[in-house]
Amino acid sequence: MFFAPHLKRKRGANNKWLVKPFPNIESNKKYEGIFTGISVEVSAKDDIIAIYDNGFYGKGSQSRSIPKVVMQTATSREELKSDNDVEESLSLSLEEAFFLGYYLNVLKIYDLESTEMEYQSFLQVCMKVNELFVESLASYLYLKSKGWVVKSGLKFGGNYLIYRRGPRFYHASFVVALHTPLDTEHLDSKNLKGLQRIAETSDKDVLILEVHKPSNFHFFNTDAISNIEISEMVIRRFNCTYFVQNQNIRK
């Protein structure tokens, strides 16, 4: 049976909305963020707008998703500059910040003492926060390479949610869960069924990423991540009624 992901379009989505490629090759500007211990916070309004509008990175610290300052750009940029009542930062996940900082090279990351964090120093603190950070980053880059927009999947019990074009246009197609050889409990049959039920209530499928890191792996540079092997497995319950109806329509 041919598999096709759910592509549920959002109401009011406009095909004329543009999402520019990131980074902007016409500008050498670097944005700035502060590592707080669990995430990287971007506070400059222009930086928030640029980072979110060019790839939907991060979420508003006081919003469900879209930062308030981004939503206000629909009115007037001049009004935005004079508006002082929006005190909100853009919260970037560790994977997003690492990708923007050391792969796209458009983000400078500072610690709480305003010292810029180089590649290795940021990598070390990320691995302290998340002992599977390297596997998570490899999975994030893998999904990005497939053209998906990747957001946090914590709300649905997974690691990531992935969107076609972005959350401005479509609902998420998959809840993504990572599985490593050392993970023996997270994706047992009971937990997997629970994750699947949560996903089905919102027309999503479950995508399992099997991540295998070589025993002698060393993350000395950004290219080393390509030595990690990732395979996909989609979990979907067979719906007999839906299948028969589709077969009748095709006939």
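## Helix α4 and its crossing with α6

Helices α4 and α6 sit roughly perpendicular to each other. This is a predicted model, and the crossing is a good place to start reading it. Helix α4 covers residues 94-103 and helix α6 covers residues 133-145. Their axes come within 10 Å and cross at roughly 70°. Since angles of 65 to 115 degrees count as roughly perpendicular, that crossing falls in the perpendicular class. As for its hand, the crossing of α4 and α6 is right-handed.

Who does the touching? On the α4 side, the contact is made by L94, E95, E96, F98, F99 and Y103. On the α6 side, F133, S136, L137, Y140, L141 and K144 take part. Sorted by class, this contact has 8 nonpolar residues, 1 polar residue and 3 charged ones.

## α4 against α5

Helix α4 has another packing partner in helix α5, which takes in residues 119-129. Here the axes are 11 Å apart and the packing angle is about 170°. Angles over 145 degrees count as roughly antiparallel, so α4 is roughly antiparallel to α5.

From α4, the residues in this contact are L94, A97, F98 and Y102. From α5, they are Y119, F122, L123, C126 and V129. By class, the contact of α4 with α5 splits into 9 nonpolar residues, with no polar and no charged ones. L94 and F98 are worth a click in the viewer: they appear in the α4 contact with α5, and they also appear in the α4 contact with α6.

## How enclosed is α4?

How many of the 10 residues of α4 are buried? The count is 9 of the 10, so α4 is largely enclosed by the rest of the structure. The buried residues are L94, E95, E96, A97, F98, F99, L100, G101 and Y102. That list takes in E95 and E96, both of which also belong to the contact with α6.

Just after α4, the backbone does something to look at: N105 takes a positive phi of about 60°. N105 is a residue other than glycine, and its place is in the loop between α4 and β5 (107-110). N105 counts as partly exposed, at 45% relative accessibility.

## Another positive phi, and the α7 stretch

D203 also has a positive phi, near 55°, again in a residue other than glycine. Where does D203 lie? Look in the loop between α7 and β9, with β9 running over residues 205-212. D203 is partly exposed, with a relative accessible area of 36%.

Helix α7 itself spans residues 189-200 and includes Q196. Is Q196 buried or exposed? With a relative accessible area of 10%, Q196 is buried, since the cut-off for buried is under 20%. The C-alpha atom of Q196 is separated by 9.6 Å from that of G157, and these two residues are 39 apart along the chain.

## The open sheet

Over on the strand side, 5 strands make an open sheet in the order β6-β7-β8-β9-β10, with mixed pairing. The edges belong to β6 (149-152) and β10 (229-235). Each of those edge strands has a single partner, so one side of each is left without a neighbour in the sheet. From one strand to the next, the twist averages 30°.

Inside that order, β7 (residues 160-163) and β8 (residues 174-179) pair in the antiparallel sense over 3 bridges. To find the register, start at Y160, which stands opposite V176 in β8.

## R164 in the β7-β8 loop

The loop between β7 and β8 holds R164. R164 is partly exposed, with a relative accessible area of 39%. Leaving aside neighbours within four places in sequence, which residues is R164 in contact with? They are L7, W148 and Y170. The C-alpha atoms of R164 and K8 are separated by 9.5 Å, although these residues are 156 apart along the chain.

## The chain overall

Stepping back, the chain has 8 helices and 10 strands. Of its 251 residues, 43% are buried. Among contacts between residues at least 6 apart in sequence, 64% join residues at least 24 apart.

Definitions and conventions
Residues numbered from 1 in each chain as written. Predicted model: local features only at pLDDT ≥ 70, side-chain atom pairs only at ≥ 80, totals over all residues. Heavy atoms only, no water. Pairing = 2+ DSSP bridges. Helix = DSSP H or I, 4+ residues; strand = E, 2+ residues; numbered from the N terminus. Axes fitted to C-alpha atoms, helices over the stretch in contact; angles between N-to-C directions. Buried < 20%, exposed > 50% of the residue type's maximum accessible area, 1.4 Å probe, protein only. Parallel < 35°, antiparallel > 145°, perpendicular 65-115°, else oblique. Left-handed = near helix turned anticlockwise from the far one by under 90°. Contact = heavy atoms within 4.5 Å. Nonpolar A, V, L, I, M, F, W, Y, C, P; charged D, E, K, R; others polar.
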